[in-house]
Structures are given as C-alpha cells and as structure tokens.
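What follows is a short guided reading for someone who is meeting this structure for the first time. Please look over the chain below before going on to the text.

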Amino acid sequence: MIRKLGKEVSRVGFGGLRLNNAAHGASETIIGDTVQDMISKGEVSRDSLTIVSKSGYLLQNDVEKLDASKDFVQVRDQNYHSISPRVLEIQISQSLDRLRTNKLDIFMINAPERMLMAQKRTYSPAQLYKDMEVAFQHLDTEVAKGRISGYGICSNTLADPQAADHVSLPKIIEACAKKDNLVAVETPFNFFERQALVQPHGITVADICEKHQLFLMTNRPLTAIYQGQIRPFVNHTFGDGTAQAEHAVMEKMSKSLEMLTTMESDLMSELPIEQDALATKFIWAQVISENLSKLSQNHFAARHFLENTVLTSLKKDVKALLTYAETLDEPEALPTFQEWTAEYQKVTGELCGHLIDYAYVDCLRKNNDLDRILGAVCPLLNEPERTHSPISVKMLRIALANEQIGSVLTGMRQEIYVDDALKALEWHKEYPLHETDLEDLWRVPFH
C-alpha cells in the first residue's frame, strides 16, 4: 500500500528501461500503447495501474536548448544530469505524452547523487540539497495541477554513508516543504547489497521510510555491485546443460587463441624492424592470455573490456596497418594485408565471444554453488517446480520476505524473467519466509 496515495500495488513491479531494448523514453511509448490497448479492450482500468516515471539523466541533444549555468551539470562527455524545474517540467510533459495518460502516479527524481560528480564546475552536497528544495517546490506545483499524484527520490547511495556521492535521506526529507507530496523512495537491495534494510547498528533507510510513511521500492534484486564487480544472480542452464557444453566453450576458446597467436607471429615476421611500433599493436593474443584468469572471473568486466577496448582498438589498428600497406610498392601487398586483417578481425571477434561465454559459465557455476547453499540453509526456498533461473527466484523471495519493502522492481526483457518473478511472488504467498529464516540467510558468507 502506498499510504500517502491510498493505492494498493503488487509486491513485484516491472521496470521498462530495457523493454524491447528501448531506451531514452522509447520504452514509455511501448508501455503507453500497450496500456491504452488493454484499457480499450476492457482488460484493465487505468485506476488499477500505478505508473511511475523518472527524470535526471540527459544526453547531448537534451541540453542543446538549456542553460548550462543553471539547468544541468556535465557528468561525463556527452552525459549530463539535471534536477532543475525547467527540465522536470519538460520531462513530465514528455512522459505524459509517451505514456498516453494525463497523470503520473509517482514522479521520481532519479540519481541526484550524479550531480556531485559534476565536471567544469564545483557542486557541493549543500548545493544539491538546496537544488532539491527548489525541485520539490516545482513538483508541488505539478501535484497542484494534477499532472502527478506525488513524487519521490531514487538513489543508489542512500544506504551507503561512506560513498563519496552519498545522498542523505533525512536531509532530502528536510528539503521538502510539503511532505504529504513526498510519497516514495527507491534504492538498491539484494543479497549482497543489503544495507537499506540490514544494518548491524543504526537506523536503516527502510526505518526512515517507515517513520515518514514513504513507500519503499527496491531495485537491482538480481544484480549486485559488490567489491567493484557486477554480480548477476542467474543460474539458468547453459547450452544443453551438460559438462560437454562447458568443455566445448573452452575448446573453442583455446583454438581461437592459438590461431590468433599464430597470426600475430606471422605478422611480426613480415613487417620490417622499423615498423616495430605497428607490429606491437597486434599482440591481443598475449594481452588476453595474460589476463585470462581475471577475465574469466567477471562476466560484465570481461564483456566491457573485450567489446569496448579490444575490438574498438582493433578497428583503429587495422586501419593503421592497411594505411601502411598502401605505401608499399608491391602490387600484391595491399590485397594480402586486407585478407590477413579480415581474418584477424574474424578470429579476434570469435575469441572474444568464446571468452565472454566462458566468463558467463564461471558466473553460472558460482551461482549454482550459492543456490545450493541457500537451499540447504533455508529449505523453504527450494522451488516446488522447475524455473528458468532458480537462484533468481530465491533472491526475489528473499527480498519479498522483508515486509518493509513495498515493491521489488525487477526487469522484464524476456518473458521467462517475468515468469520467474511471478512464480517468486506466488511462492512467497504460499511458502512465506519468516524472520528466523532471514536471520539464517544473512549469516551465509558472500560466495
């Protein structure tokens, strides 16, 4: 129950960020069209739905007509953030249009902590809370106009006072003049990131929300950021589910690495010594070999490094090599180098794909181990029937067992994700975990 709005909502909610791989508002269009279609068919009423939208992140095209001195801050190249009234008004209007509705139930100020990382200007915590006060004043006018029912704050750092970009929930509440309009808070909570509800000492974010009748939504139930690594809580079947499938990935990876090593050795022998700087651009087999252990232990890091560093750099290196080939007098030199670079890019791409698969297999293996431990510690968590990703269902049930959480927000990129989430909700009702179960689970070491 969202107490300040008097609305009943499901304990599981679905975010639309990656719906159909849509981004930058496109997912809202999909949701708006779908909801209107369902309303017109009498399948659902608008009053039965709770629609939440957010504002904060901006791209280059968003800021072109804004005032850089007061409307936004630059966080990174081509990446900006804003909580200014002008931007809030614009983004509420855009969301209403895309969602095809005349009112948002809750409008969230998203990730205001990013403002503290501003480039090209000093931006202090004191300034942030001052700007939040102004933002809330504007949102109060939006409530009065009837364009939103209430508003809230979404932040990744509310529960981490040690974070350099920590945002204090008590100070946020203090900045709000009309506290009846401040209705919701959203922050991460999962098995590894549990500070929002579980603290050895002191008051938690959940306690503060309860005191001020704020509806607590938690996100990232299936993706933890822990010790600088991203850990997804998934353990679905890989390939055909046999050991041979994992072994096949290792064999393909070894074969591709061997081929790449041979090709790089051949290039070294072909280039003259004065082109040593050019030759040393093509040592990716060595780089990958030296970092194989690290890459295999972190799927997200491996994917980011291979796709954004290796393959991106390779394109530039290939261009440099072909430019050199064009300077050679031999007529057959350019076609030979073109053939070599095409094959080299192909083999490197295949190797990166196999490495990403191998790192993913390692992640699944770790999660299988954790899944067995959780099931042993708390037998109630064991699924009464087959699911796509057993550990995902367990993690959602653990989150749902915490009564201070109003709604657990999870992704819905694929139908199987939604199916698992609905099973978690069903089994939470049929086989609820008790406080003693949670206490036992919190004692499980991070694995």
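## A helix pair and its surroundings

In this predicted model, helix α12 passes helix α13 in a left-handed crossing. Helix α12 covers residues 333–377 and helix α13 covers residues 390–400, and the two pack at an angle of about 50 degrees with their axes 9 Å apart. Because angles of 65 to 115 degrees count as roughly perpendicular and those under 35 as roughly parallel, this angle makes α12 oblique to α13.

Which residues of the two helices meet? From α12 and α13 respectively, N367, L370, D371, L374 and G375 meet P390, I391, K394 and M395. By character, the residues of this contact divide into five nonpolar, two polar and two charged. The spacing of the residues can be read against a general rule: an α-helix has 3.6 residues a turn, so residues three or four places apart point the same way.

One of the residues in this contact is D371 of helix α12. D371 is buried, because its relative accessible area is 13% and buried means under 20%. Leaving out residues up to four places away in sequence, D371 touches P390, I391 and K394, and also N235.

How many residues of α13 are buried? The helix is mostly covered, with 11 of its 11 residues buried, and among them are P390, S392, K394, R397 and L400. The buried residues of α13 pack against α12 and also against β1 (12–14), β12 (407–410), α14 (415–430) and α15 (435–442).

Elsewhere in α12 lies Q345. Q345 is partly exposed, because its relative accessible area of 33% falls between the 20% cut-off for buried and the 50% cut-off for exposed. Not counting residues up to four places away in sequence, Q345 touches L314, K315 and V318. The C-alpha atoms of Q345 and V318 are separated by 8.4 Å, although the two residues are 27 places apart along the chain.

## The annotated domain and three loop residues

In the UniProt record, an unreviewed entry, residues 25–223 carry the feature "domain: NADP-dependent oxidoreductase". In the model, this span is 34% helix and 21% strand, and the C-alpha atoms at its two ends lie 23 Å apart.

Two loop residues deserve a look at their backbone angles. Most residues other than glycine have a negative phi. Q78, however, has a positive phi of about 60 degrees although it is not a glycine, and R220, also not a glycine, has a positive phi of about 55 degrees. The table sets out where each lies and how far each is accessible.

| Residue | Loop | Phi | Relative accessibility |
|---|---|---|---|
| Q78 | between β4 (73–76) and β5 (79–81) | about 60 degrees | 47%, partly exposed |
| R220 | between β9 (215–219) and β10 (223–226) | about 55 degrees | 21%, partly exposed |

A further loop residue is H166, found between β7 (148–154) and α5 (169–174). What does H166 contact beyond its neighbours within four places in sequence? With those neighbours set aside, H166 is in contact with L116, Y129, T157, L158, D160 and P161. H166 and N156, which are 10 residues apart in sequence, lie 8.4 Å apart in space from C-alpha to C-alpha.

Definitions and conventions: Residues are numbered from 1 along each chain as its sequence is written. This is a predicted model: local features need pLDDT of at least 70, side-chain atom pairs count only at pLDDT 80 or more; totals for chains, interfaces and linings use all residues. Side-chain values use heavy atoms; hydrogens and water are left out. UniProt positions are given in the numbering used here, feature names are shortened, and annotations may be inferred rather than shown by experiment. Helices (H or I, at least four residues) and strands (E, at least two) are DSSP runs, numbered from the N terminus. Axes are lines fitted to C-alpha atoms, for helices over the stretch in contact, and angles run from 0 to 180 degrees between N-to-C directions. Angles under 35 degrees count as roughly parallel, over 145 as roughly antiparallel, 65 to 115 as roughly perpendicular and the rest as oblique. A crossing is left-handed if the near helix is turned anticlockwise from the far one by less than a right angle, and right-handed if clockwise. Contact means heavy atoms within 4.5 Å. Ala, Val, Leu, Ile, Met, Phe, Trp, Tyr, Cys and Pro count as nonpolar, Asp, Glu, Lys and Arg as charged, and the others, Gly among them, as polar. Buried means under 20% relative accessible area, exposed over 50%, partly exposed in between (1.4 Å probe, protein chains only).
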